[in-house]
Structure formats: structure tokens, C-alpha cells
Amino acid sequence: MVENKNTFQLPLIPLRGLSVFPHMVLHFDVGRERSIKALEEAMINDQMIFLTTQKDIDVDMPKAEDFYQIGTISKIKQMLKLPGDAIRVLVEGVDRAEIKEITSEDPYFKVEVEKLEVEEEEDTKEIEALMRAVNKTFESYVSVGNKISPDVLISISTIEDPNRFADVVASHLSLKTEQKQEIIEAISIKTRLEVIYKILLNEIEILEVEKEINDKVRNQINKMQKEYYLKEQMKVIREELGDDSNTENEVEEFKEKLKKLKLSKAINEKVEREIERYSRLAPSSAESGVIRNYIKWILDLPWNKQTKDKLDLATSREILDEDHYGLKTVKERVLEYLAIRQYTKSLKGPIICLVGPPGVGKTSIAKSIARSLNRKFIRMSLGGVRDEAEIRGHRRTYVGAIPGRIINGIKEAGTKNPLFLFDEIDKLASDFRGDPASALLEVLDPEQNKDFTDHYLELPFDLSKVMFITTANSLSTIPRPLLDRMEVINVAGYTEYEKLNIAQKYLLPKQMKDHGLTDKVFGITKDTVHEVINSYTRESGVRELERQIGKLCRKSVTEIVEKKSKTVKVTKRNLKKYLGTPRYTYDEIANSNEVGMVTGLAWTSVGGDTLTIEVTTMKGKGNLVLTGQLGDVMKESARAGISYVRSKADEYEIKDDFHENLDIHIHIPEGAIPKDGPSAGITMATAVISALSGIPVNREVAMTGEITLRGRVLPIGGLKEKSLAAKRAGIKKILIPFDNKKDLDEIPSEVKKSIEFVPVKTMDEVLEHALVRGDK
């Protein structure tokens with residue numbers, strides 16, 4: 001409805017984020033109900049509609065104060081319905097107008113607007129100059145922004161009307177809503193061109209900064225892409241050449257590690273020189289790989305890293321007792337070391353040599369010592385080692401050279417104070433490659449090992465904090481200089497009582513757990529375990545005993561599974577069913593006192609045993625016959641005994657010429673087993689005197705001791721094991737050398753209760769206790 005030439009009644013649509021300039025054609029989507037109804041009203045009439053911009057795009061139901069009062073009268077050119085009730089509209093801006101009155105708000109905004117006429121400018125030159133300036137600046141804007149088609153510049157340059165020129169330029173600018181509204185509200189052409197010019201200059205500055213930033217980022221990205229591309233090319237080339245290393249990064253990494261290690265000045269300088277050499281070498285060269293390995297070895301060693309010792313004696317004692325039964329001397333030595341460490345705060349690591357028969361727990365006690373001290377454990381078996389380089393490493397001049405096993409073990413442990421076990425040190429060998437035992441002299445010397453030099457490293461490494469423990473079965477094959485550097489602790493074989501305790505406390509629970517047995521389904525009596533020890537094993541340690549207990553467990557599990565048995569009880573009666581026929585038997589004392597038969601005691605590598613020495617005489621020419629596979633020392637003891645008997649013939653009513661008319665035969669049963677040693681001297685002499693004099697020997701007496709020509713009794717070894725063998729055989733009295741009286745402290749109390757120990761100094765005392773005068 002038109003009231004006059006410049007006033008119109010039109011429906012209104014508030015636009016969100018859009019501004020429409022006169023002479024501008026654009027399309028937008030309409031979805032709000034009031035806006036759709038306004039469109040429909042406009043289409044019914046003359047297709048004219050008033051478009052203004054909404055101040056806040058988040059307002060969904062705008063009111064009069066939510067949109068600008070000045071907008072653009074526009075003509076609807078096209079409408080297209082979209083899915084979802086939305087409408088796409090194509091409009092063309094016609095004239096600026098200002099809202100004078102809102103005549104209706106429902107069902108759509110209807111307003112009375114007044115067209116804003118543009119006044120003719122008097123100074124056309126100034127307008128022309130502004131147009132040129134805007135046109136030139138707009139060209140710069142297009143070239144910098146690179147978002148507007150060059151065709152737009154051509155079309156704008158042909159526009160001569162300043163009013164239309166300003167609006168068309170403004171319609172192509174990417175501006176904020178407030179800036180667009182400022183241009184719309186600029187009615188004067190001069191003011192509008194000035195506003196556009198100012199905005200263009202500001203936008204160009206921003207775009208130039210933005211472009212500069214973009215160029216920097218792009219260059220950086222291009223540089224990174226170039227570097228990445230080149231690195232990938234280098235990587236492929238290295239792979240083709242068989243060299244996949246990154247020398248520069250590695251060199252930096254080596255330097256950082258070296259700085260953190262804080263080594264001594266001399267070592268630090270040497271490593272720095274090696275790193276410098278490595279950085280200058282081609283990665284593909286053989287020397288590069290050698291130096292790289294050398295540097296890595298040095299940097300990976302724990303030069304200053306060590307674990308803190310657990311100095312609590314009570315806890316350490318508990319751990320040692322928990323893992324091992326007996327071994328009192330070893331445990332006491334470890335606790336002494338801990339006590340001194342706690343008292344003085346410093347002590348060099350001790351070097352201990354554990355000597356004993358196989359299977360007594362020498363290696364495993366070393367593990368327990370490491371656990372009780374809170375130290376890392378390293379084991380190195382020396383059995384059969386015959387190359388010095390195993391200990392001290394190879395020199396770097398050799399291809400494939402590596403450090404020795406000591407430095408390698410230190411590296412694996414990751415600390416400079418582990419517990420290092422040299423196992424089987426008595427089985428070292430030597431050949432043309434060197435003598436490993438001599439190489440160990442430096443390692444096991446507390447005064448020298450603080451500067452141990454490995455041939456590969458050629459740098460001193462401190463081993464004084466390491467606790468060295470060595471094990472051996474015999475001291476006879478260990479070189480004297482090496483033995484002199486170690487504190488020797490003898491680990492005797494276990495007695496049957498100790499084996500019984502070990503079996504019940506350690507071996508049986510372990511095997512039951514391994515085989516899934518519990519006390520409810522499996523039972524074995526103490527006497528049965530004792531029978532297993534005596535009849536199915538003959539050893540110093542407990543390895544075979546553990547195997548036999550494991551066999552019992554396996555047989556029991558088989559019986560439970562096959563026969564559906566709920567429980568299995570192993571006793572002495574049914575033991576044969578599980579383990580078969582007993583493998584070993586022990587000698588028992590004779591039923592009566594006999595002439596020429598004496599019970600001797602012997603030590604073997606698997607414990608003590610009894611020896612029945614038999615002597616018989618026959619007519620002859622005074623020959624001495626020795627049988628039973630006797631060694632040279634034992635034969636000499638027999639001859640010494642015969643000489644002593646000849647010197648005492650009168651005292652025992654023996655004929656003086658027995659050595660001329662009688663042959664004497666001394667025999668020790670079990671002839672397949674070699675026997676040697678001097679400890680059967682008094683036994684053989686007693687048997688000979690008994691045979692020649694016809695006086696029987698007390699069957700309940702056993703004896704051990706070396707004899708001299710004067711009849712003195714000299715000390716022997718292995719008294720503990722021998723006394724246990726005597727108890728097994730039912731002996732009631734043992735004659736021992738007087739000098740062995742001190743060894744009685746080691747004899748188990750159970751043995752002392754059942755056996756009388758008689759220390760003797762001479763053969764007269766032996767015969768007094770052994771011979772049974774008056775027996776017929």
C-alpha cells in the first residue's frame with residue numbers, strides 16, 4: 001500500500017548474519033514461520049519486501065529492538081521450496097529505507113518504511129577521486145585476498161554511477177555485520193566511499209599480515225616436508241647400503257648419556273675422543289660399527305649406580321634360615337659381614353669360597369645371600385672354561401670382540417655391587433688361549449679389583465663393591481695363589497638327620513606343590529622319609545632325595561587319577577610299591593665277636609661308610625697279600641701296621657718268626673670300589689694282631705686313625721660322616737685319634753647319645769678297648 005512516493009507498507013524479514021545492499025543479488029534460506037509468511041504476503045502483492053539485519057544471530061524470535069532500523073527494500077526474483085518446509089529465495093536489493101513504524105508483528109512483521117533518497121554531490125571531482133582510490137584499493141584487496149574473481153574487477157570498473165559503484169564494491173567485501181551496517185546507513189555517497197576506502201585499507205593490512213603468516217607457515221611446512229622427503233630418501237639409501245643409522249642423533253644421545261654418568265676425568269676424555277671419532281666416520285664403514293659398540297658398552301655400564309644393602313641382621317637371618325637348613329658357618333659369615341657394614345658403614349666385599357660335595361646347596365645359598373642383602377645375583381659357571389678372554393674380554397683389534405663375562409654380568413645386573421657367583425671354580429682349565437685362573441687373580445684380590453681392567457674396555461672399573469662367592473667340590477685343583485685370595489668355608493655333606501629335616505621342611509612341600517598334592521590327599525610318615533634316605537639314596541647332598549620324593553608324588557598322582565583314590569598314604573610297608581626294590585644297603589655289626597675281623601670307618605664323597613677289614617693267616621714264607629682295590633697310601637699303612645706288630649710280638653704272645661712262616665692276607669670287601677687313605681691304619685693293625693694272637697675283636701667297636709711305626713695314633717678327617725655311618729651299623733663305641741677330640745662338637749647330639757667316643761693316643765689304648773680277652 002503506497003501512501004506517497006517515498007513511503008511503503010511492506011512485510012519484513014530480519015536476516016541472521018546477512019546484509020543486503022542496493023543493486024546486490026543474493027539468495028538465502030528462510031525457515032522461521034514468521035519469515036515464511038512474510039514471503040508469502042510479498043508474493044501475493046508486488047513481490048517487494050523489506051530486509052534488515054538481525055543484531056544477534058542467536059535470537060530465534062526477534063523483536064523490534066533486535067534488528068536494525070535501516071535496511072534495504074528488495075524485490076523477490078525467485079522462490080524454491082526445500083525439504084523440511086524451508087524456502088530458498090533469490091532477491092535483488094533496490095533502495096535503502098528506514099523503518100518509521102511497525103504496524104504488525106503477528107503473523108509476520110509488517111512495517112512502514114521510508115525510502116532514503118541519495119543527494120547529488122556538488123564536488124564531482126572529489127567523488128571521482130574517491131571512486132578511483134576505492135577502485136585501486138579494491139584491486140589490491142582482490143590480489144592480496146585472492147578470494148574474488150578477476151571478472152568482478154572488470155564489471156566494477158565499468159560502473160560510472162558513484163552510488164551504485166559504492167554498493168557493488170561493498171557487496172563483495174568480507175566484512176563484519178557492524179561494518180556492513182555502517183555502509184548501509186551511510187546515505188551520502190562521499191561518506192559511504194570514505195567508509196569503504198577506510199575499511200578496504202584496514203582489510204588489506206590485515207590480509208597482508210595474514211598472508212605473511214600463511215607464507216611463513218607454508219614455507220615452514222614446505223621446509224619440513226622437504227626435510228622429511230630428504231630424510232626418507234636418505235633412509236632408503238641407507239637401507240639399500242645396509243646402513244640404517246642416524247649418526248648425528250646418536251652422537252648427541254651419547255654426549256647426553258656421558259654427561260649424566262659423571263665419570264672420572266681420564267675416562268670421560270677417552271670416551272669423548274671415541275665419540276668424536278665416531279661422528280667423523282661414515283656410517284657404512286666397518287670401523288664405525290666397532291666404535292659405536294664400544295661407546296654403547298661404556299655408557300651402558302653402571303659406573304655409579306648401586307643397590308642399597310639391607311643391613312637388618314634379624315631379617316637376613318630369617319631369609320637365610322627360610323631357604324636353607326644347616327650351613328651354619330656360611331650363614332654366620334654373611335651375618336658377620338652385615339654386622340661390620342652396619343657398624344663401620346664401609347667394607348670391601350668379601351671373597352668367599354664354599355667347598356663341599358655336590359648337592360649340598362652351595363649355589364642356592366649364594367642366591368639366598370643375595371636376597372638377604374638386597375643385591376642383584378649373577379652366576380658364572382667356570383666349569384670347562386679354558387680361555388682367558390672369558391674373564392677379561394677380547395681386545396678390540398679382534399673381529400667380533402666383546403667384554404669378558406664379568407663386565408657383561410655387571411651390565412646385566414645394572415648395579416656396581418651385585419653378588420657375583422663363580423660356580424665350579426675348581427674345574428677351570430687352561431690351554432694355548434691362556435689361563436683363566438691367573439686372570440681371576442686380579443678379580444678376586446680386594447687390593448687390586450678396584451681398578452679391574454677389561455681388555456675390551458681398556459678402562460679401570462671398580463669391582464671392590466662386588467661380593468664374590470666361589471664354589472668348588474675340591475680344593476686340590478685350585479691353584480695356590482688363587483686359593484690364597486679366598487676365604488674358604490667347608491660345607492660338609494648333610495647327615496641323615498639333616499636330610500630328614502630338609503626333606504620334611506623344604507623338599508616334600510615343594511614337590512607336593514609342584515604336583516598339585518595337599519595334606520588331605522597325600523601323606524607320608526617320618527619313618528618312610530628316613531627309609532627313602534637310607535635305602536634309595538647315597539649322596540652328600542639332597543638332589544637324588546628330591547628326585548625320589550618327586551617320583552613318590554608322581555606315582556601317587558597316577559594312582560589318584562587311575563584308581564580314583566581319594567587319598568594316598570605312603571608307609572615303609574608299601575614304599576617298595578612306589579620306588580621299587582631298595583637300591584642301597586648298609587653293613588650291620590656281626591652277630592658275634594670274631595678273630596681277625598674289625599669294623600673300620602671310611603669317608604666317601606657321598607658320606608661316611610663302614611669297612612669290615614678281614615685278616616687271615618696261612619702257612620707260607622712271610623708274604624703280605626693286600627686285596628680289595630687298595631690305593632698306595634692304604635698299602636703303606638698296612639705295611640706300617642705289620643712292622644708295628646712285629647715290634648710288639650712279645651707283648652701279645654705272637655711268635656717271633658711269624659713273618660717267616662706265615663703269609664698274611666688283608667682283604668677289604670667290595671673290591672670293585674677303589675679305597676685309599678691312611679685312616680684305616682689302626683684298623684688293619686688291630687685285625688692283624690687279632691688274627692696272629694687268636695684274640696677276637698669286640699663287634700660293637702669301630703675305629704679310625706692313622707698309625708705310626710711307634711704305635712702313635714694320628715688324626716683323620718670326616719669324623720662327622722664316619723660317626724653317622726657307625727650309628728647306622730649299630731656300633732656302640734668308636735675309637736678316634738685324641739687330636740680329633742675337638743671335632744666332637746660337630747657330631748649331632750643324637751649320635752652322641754647312642755655312641756661312646758673314646759679318644760686314643762696309642763695302639764695300646766686301641767687294643768685295650770678292641771680286643772676281648774678271655775673269649776673263646
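Here are some questions and answers about this predicted model.

Q: How many disulfides does a search of the whole structure find?
A: Let's start with what to look for: a disulfide is a covalent bond between the sulfur atoms of two cysteines. To count here, a pair of cysteine sulfur atoms has to lie within 2.5 Å. Searching the whole structure, the number of disulfides found is zero.

Q: Is Cys353 buried or exposed?
A: The cut-off to keep in mind is that buried means under 20% relative accessible area. Cys353 comes in at 0% relative accessibility, so Cys353 counts as buried.

Q: What is the relative accessible area of Cys553?
A: Cys553 is another cysteine to check, and Cys553 is buried. That label needs a value under 20%. For Cys553 the relative accessible area is 0%.

Q: What length is expected for helix H1 at 1.5 Å a residue?
A: Helix H1 covers residues 33-44, which gives it twelve residues. From its first C-alpha to its last, H1 reaches 17 Å. That is close to the expected value, which is 16 Å.

Q: Which strands do the buried residues of H1 pack against?
A: First, who is buried in H1: Arg34, Ser35, Ile36, Ala38, Leu39 and Ala42. Now look at what these buried residues pack against: strands E1 (7-15), E2 (25-30), E3 (48-53), E4 (70-81), E5 (87-104) and E6 (109-115).

Q: Where is Pro107 found?
A: Pro107 is worth a look, since a cis peptide bond joins Asp106 and Pro107. The omega angle there is about 10 degrees. As for its place in the chain, Pro107 sits in the loop between E5 and E6.

Q: Which residue meets Lys115 in a salt bridge?
A: Lys115 belongs to strand E6, while its partner is in strand E5, 20 residues apart, so the pair links distant parts of the chain. Lys115 is partly exposed at 21% relative accessible area, and the partner is partly exposed too, at 25%. The two side chains meet at 3.5 Å, N to O, and the partner is Asp95.

Q: Why are Lys257 and Glu253 separated by about one helical turn?
A: These two side chains meet in a salt bridge of 3.9 Å, N to O. Lys257 is partly exposed at 34% relative accessibility, and Glu253 is partly exposed at 42%. The separation of about one helical turn comes from Lys257 and Glu253 being four residues apart in helix H7.

Q: Is Asp445 buried or exposed?
A: Asp445 shares a salt bridge with Arg485, at 3.6 Å from N to O. Arg485 is partly exposed, with a relative accessible area of 26%. Asp445 has 12%, and buried means under 20%, so Asp445 is buried.

Q: How many salt bridges does the structure hold?
A: To qualify, a side-chain nitrogen of Lys or Arg must be within 4 Å of a carboxyl oxygen of Asp or Glu. Some of these bridges link up, as in the network of Glu274, Arg277, Glu287, Arg396 and Glu458. For the structure, the number of salt bridges is 36.

Q: Which residues is Glu274 in contact with, leaving aside its neighbours within four places in sequence?
A: Glu274 is found in helix H8, residues 265-280. At 7% relative accessibility, Glu274 counts as buried. With those sequence neighbours set aside, the contacts of Glu274 are Ile291, Tyr294, Ile295 and Arg396.

Q: What is the phi of Glu424?
A: Glu424 is found in the loop between strand E9 (419-423) and helix H15 (436-443). At 23% relative accessibility, Glu424 counts as partly exposed. Glu424 is not a glycine, and yet its phi is positive, at about 60 degrees.

Q: Is Lys564 buried or exposed?
A: Lys564 has a positive phi of about 55 degrees although it is not a glycine. Its place is in the loop between helix H19 (543-563) and strand E15 (568-570). Exposed means over 50%, and Lys564 has 68% relative accessibility, so Lys564 counts as exposed.

Q: What is the accessible area of the nonpolar patch formed by Val209, Ile213, Val217 and Ile221?
A: Take Val217 as one of its members: Val217 is in helix H6, residues 189-241. Val217 is partly exposed, with a relative accessible area of 40%. Together, the four residues of this surface patch have an accessible area of about 320 Å².

Definitions and conventions
Residues numbered from 1 in each chain as written. Predicted model: local features only at pLDDT ≥ 70, side-chain atom pairs only at ≥ 80, totals over all residues. Heavy atoms only, no water. Patch = residues over 30% accessible without salt bridge, like charges linked within 9 Å, V, L, I, M, F, W, Y side chains within 5 Å. Areas by Shrake-Rupley, 256 points an atom, 1.4 Å probe, with all protein chains shown as cover. Helix = DSSP H or I, 4+ residues; strand = E, 2+ residues; numbered from the N terminus. Buried < 20%, exposed > 50% of the residue type's maximum accessible area, 1.4 Å probe, protein only. Expected span 1.5 Å × (residues − 1). Contact = heavy atoms within 4.5 Å.
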